[in-house]
Amino acid sequence: VGPEDAEGDGLPDDWERFHFGHTDATATQDSDGDGASNAAELAAGTDPDDAASVLRILSAAFDADGQARLRFTIAPSRVYRVELSRDFQLWGSAQGTLTYPETGVAEFREERLNLPPAVPTTGFYRVVVE
């Protein structure tokens, strides 16, 4: 995909032609109704014409030790990280490991070292595509 964006809408023209057959789409549109804008689909490497192709958290829970476990969809050629916030203002990388238990799915297992098992405190997690 070339970087040319003749309309200046934030979507490369080649990407628009490949997915839509024209360059009339906008970055803010959600062409397939999956809740992700065309710009988000471009960043995530998902298909803006397929509502099943979207970056989505499939499950989120705490294990018996109070550490987070997240499963989410992934796309080829993308790098992901999980971030943690206590207040939705300050975000930092959550400590843990990513594994790939099945095609198109990643699992994050939080690893807070040197902490005894405990009831989890309030925390908010998000998946970020780099």
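I take a residue as exposed when its relative accessible area is over 50%. The model I am examining is predicted.

**Entry 1. Ser 77 and Phe 88**

I looked up Ser 77 and found a relative accessible area of 73%, so I record Ser 77 as exposed. I located Ser 77 in the loop between strand 2 and strand 3, the latter spanning 80-85. The phi of Ser 77 is positive, about 65°, although this residue is not a glycine. I note for context that most residues other than glycine have a negative phi. I then turned to Phe 88, which is not a glycine either and has a positive phi of about 65°. I placed Phe 88 in the loop between strand 3 and strand 4 (92-93).

**Entry 2. Helix 1**

Which residues of helix 1 are buried? I listed Asp 13, Trp 15, Glu 16, His 19 and Phe 20. They span an arc of only 160° around the axis, and I therefore assign them to the same side of helix 1. I next asked what the buried residues of helix 1 pack against. The partner is helix 2, residues 38-44. After helix 1 I came to Gly 21, which has a positive phi near 80°.

**Entry 3. Two buried acids**

I examined Asp 13, which lies in helix 1, residues 13-20. Asp 13 is buried and has no salt bridge. I found its nearest side chain of opposite charge to be that of Arg 17, at 4.4 Å; the cut-off for a salt bridge is 4 Å. Leaving out residues up to four places away in sequence, I recorded contacts of Asp 13 with Glu 4, Asp 5, Ala 6, Glu 7 and Thr 23.

I then examined Glu 41, in helix 2. How far from Glu 41 is the nearest side chain of opposite charge? It belongs to Arg 56 and is 7.9 Å away; Glu 41 is buried and has no salt bridge. With residues up to four places away in sequence again not counted, I noted that Glu 41 touches Trp 15, Asp 32, Asp 34, Ala 36, Thr 46, Asp 47, Pro 48 and Ser 53.

**Entry 4. Salt bridges**

I searched the whole structure and obtained 8 salt bridges. One of the pairs I inspected is Asp 14 with Arg 17, whose closest N and O atoms are 3.5 Å apart. These two residues are 3 residues apart in helix 1, so about one helical turn separates Asp 14 from Arg 17. I recorded Asp 14 as partly exposed because its relative accessibility is 38%. Arg 17 is also entered as partly exposed, at 45% relative accessible area.

I found a salt bridge between the side chains of Asp 63 and Arg 69, with an N to O distance of 2.6 Å. Asp 63 has 23% relative accessibility and therefore counts as partly exposed.

I next followed the salt bridge of Glu 107 with Arg 71, where the closest N and O atoms are 3.2 Å apart. This pair links distant parts of the chain, with Glu 107 in strand 6 (residues 105-110) and Arg 71 in strand 2 (residues 68-73), 36 residues apart. Is Glu 107 buried or exposed? I recorded Glu 107 as buried, since its relative accessibility is 12%. Arg 71, by contrast, is partly exposed at 22%. I traced a network of salt bridges that links Arg 71, Glu 102, Glu 107 and Arg 109.

**Entry 5. Aromatic pairs**

I counted 5 aromatic pairs. In one of them, Trp 15 and Phe 20, the ring centres are 5.9 Å apart and the planes stand at 80°, so I classed the pair as edge-to-face. I checked the burial of both partners. Trp 15 has a relative accessible area of 7% and is therefore buried. Phe 20 is at 17% relative accessibility and so counts as buried.

I also classed Phe 88 and Trp 91 as an edge-to-face pair, with 6.0 Å centre to centre and 65° between the planes. I recorded Trp 91 as partly exposed because its relative accessibility is 24%. Which residues form one aromatic cluster? I found Phe 88, Trp 91 and Phe 124 in it. I last looked at the ring of Trp 91 and found the charged end of Arg 126 sitting over it, 4.0 Å from the ring centre.

How values were computed: Residues are numbered from 1 along each chain as its sequence is written. This is a predicted model: local features need pLDDT of at least 70, side-chain atom pairs count only at pLDDT 80 or more; totals for chains, interfaces and linings use all residues. Side-chain values use heavy atoms; hydrogens and water are left out. Helices (H or I, at least four residues) and strands (E, at least two) are DSSP runs, numbered from the N terminus. Buried means under 20% relative accessible area, exposed over 50%, partly exposed in between (1.4 Å probe, protein chains only). Lys and Arg count as positive and Asp and Glu as negative; His and the chain ends are not counted. Contact means heavy atoms within 4.5 Å. The arc is that of the directions from the helix axis to the C-beta atoms. Rings of Phe, Tyr and Trp (its six-membered ring) pair if their centres lie within 6.5 Å; planes under 30 degrees apart count as stacked, over 60 as edge-to-face and the rest as tilted. A charge sits over a ring if NZ of Lys or CZ of Arg is within 6 Å of the ring centre and within 35 degrees of the ring normal.
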